Amino acid sequence: MPFPLFLAPVAHAAVDDAGSCEMCGRPASVRFSGACYKCFRNGGVEHTVDTEFGMVRVEDAQKGLTHGIPLSDPSILSDYELIPHPVDPKFPEETWFHVRIETEFLLELVRTPTYLAWQGEHWQFCCRRPCVFLGRLPATAVSPAAESPSAHIAAWFRCPDWSSVAHHDYGSLTYYGFRCAECNAFRYHEDTD
């Protein structure tokens, strides 16, 4: 089942058990938000992806905007077009911004399964587009003696050996690897239980 933004093993995806597709009724061995692969990829499923720039729902993707994030200093995202939310009079000190991303990129993202994470996914961006998810790596697979854990993590994802971590305990710390589809830069985030 190809997904341009998801190159990890299917075991890393947040999927539903086998059953009938909620859209077309056909049996499916793997379902995504209740739908078979074909219906999910066709985009008729309400699916939300949490990202570093806020959640992206289908209606957000159609507008080419993330739902938004709070930013006290918008200059930290100077490479992106930011659209301010209306100020909530109950919380005038909070400034929220939508982040503009090309509609086609966000539509592809909401037609991509989310990944299993302790605290929920946190999809990464680079070059004004969503990155490709490479998989999750248990912290126990990273050498504690590594001088640069980020370099070790990036090197592992360049040539992943999924069988070497298949029986690792994911413990309380996990790394989630991404690659930019534009410039091939490696990005990752981590979370704990």
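## Reading the values of a predicted chain

User: Hello! What makes up the secondary structure of the chain?

Analyst: The chain has 5 helices and 10 strands. Please keep in mind that this is a predicted model.

User: Why does the radius of gyration of the chain agree with that of a compact globule?

Analyst: For 193 residues, a compact globule would have a radius of gyration near 16 Å, and the chain has 18 Å, so the two agree. To add the outline, the C-alpha atoms fill a box of roughly 50 × 50 × 35 Å along the principal axes.

User: What share of the chain is buried, and which cut-off decides that?

Analyst: Buried means under 20% relative accessible area, and 42% of the 193 residues are buried. The accessible surface of the chain comes to about 10200 Å², with 52% of it belonging to carbon and sulfur atoms.

User: How many of the contacts join residues at least 24 apart in sequence?

Analyst: Taking contacts between residues at least 6 apart in sequence, 58% join residues at least 24 apart.

User: And where do the charges stand, on average?

Analyst: There are 15 positive and 25 negative charges, and their mean positions are 8 Å apart.

User: Let's turn to helix α4. Which of its residues are buried, and how do you know on which side of the helix they sit?

Analyst: In α4, which spans residues 149–158, the buried residues are Ile-153, Ala-154, Trp-156 and Phe-157. Around the axis they cover an arc of only 160 degrees, so they sit on the same side of α4. There is a general rule behind this sort of pattern: an α-helix has 3.6 residues a turn, so residues three or four places apart point the same way.

User: What do these buried residues of α4 pack against?

Analyst: Their partners are β8 (132–138), α5 (162–165), β9 (173–179) and β10 (186–192).

User: Staying with β8, why is Leu-134 called buried?

Analyst: The relative accessible area of Leu-134 is 12%. The cut-off for buried is under 20%, and therefore Leu-134 is buried. This residue of strand β8 touches Phe-157 and Trp-162, and also Leu-7, Ala-8, Gly-177, Phe-178, Arg-179 and Phe-186, leaving out residues up to four places away in sequence. Leu-134 and Pro-2 are 132 residues apart in sequence, while their C-alpha atoms are 13 Å apart in space.

User: Why is Ser-164, in helix α5, called partly exposed?

Analyst: Ser-164 has 35% relative accessibility. Partly exposed covers what lies between buried, under 20%, and exposed, over 50%, so Ser-164 counts as partly exposed. Ser-164 and Ala-141 are 23 residues apart in sequence and 8.5 Å apart in space, C-alpha to C-alpha.

User: Glu-52 is an interesting one. What makes this residue buried?

Analyst: Its relative accessible area is 19%. That value falls under the 20% cut-off, so Glu-52 is buried. Glu-52 lies in the loop between α1 (37–42) and α2 (58–63). Not counting residues up to four places away in sequence, Glu-52 touches Ile-69, His-122, Trp-123, Gln-124, Phe-125 and Arg-187. Between Glu-52 and Leu-106, 54 residues apart in sequence, the C-alpha distance is 13 Å.

User: How do you know that Tyr-80 is buried too?

Analyst: Again the value is set against 20%: Tyr-80 has a relative accessible area of 15%, so Tyr-80 is buried. Tyr-80 is in the loop between β3 (69–70) and β4 (81–84). Leaving aside neighbours within four places in sequence, Tyr-80 is in contact with Phe-53, Val-99, Arg-100, Ile-101, Phe-125, Cys-126, Cys-127 and Arg-128. Tyr-80 and Lys-90 are 10 residues apart in sequence and 28 Å apart in space, C-alpha to C-alpha.

User: Two of those contacts deserve a closer look. What is notable about the phi of Cys-127 and of Arg-128?

Analyst: Most residues other than glycine have a negative phi. Cys-127, however, has a positive phi near 55 degrees, and Arg-128 has a positive phi near 60 degrees. Cys-127 is in the loop between β6 (125–126) and β7 (129–130), and Arg-128 is also found in the loop between β6 and β7.

User: Are Cys-127 and Arg-128 buried, partly exposed or exposed, and why?

Analyst: At 36% relative accessibility, Cys-127 counts as partly exposed. Arg-128 has 48%, which is not over the 50% needed for exposed, so Arg-128 counts as partly exposed.

Key
Residues are numbered from 1 along each chain as its sequence is written. This is a predicted model: local features need pLDDT of at least 70, side-chain atom pairs count only at pLDDT 80 or more; totals for chains, interfaces and linings use all residues. Side-chain values use heavy atoms; hydrogens and water are left out. Helices (H or I, at least four residues) and strands (E, at least two) are DSSP runs, numbered from the N terminus. The radius of gyration is taken over C-alpha atoms; the globule rule is 2.2 Å times the number of residues to the power 0.38. Buried means under 20% relative accessible area, exposed over 50%, partly exposed in between (1.4 Å probe, protein chains only). Contact means heavy atoms within 4.5 Å. Accessible areas come from the Shrake-Rupley method with a 1.4 Å probe; for residues, only the protein chains shown count as cover. Lys and Arg count as positive and Asp and Glu as negative; His and the chain ends are not counted. The place of a charge is taken as NZ of Lys, CZ of Arg, CG of Asp or CD of Glu. The arc is that of the directions from the helix axis to the C-beta atoms.
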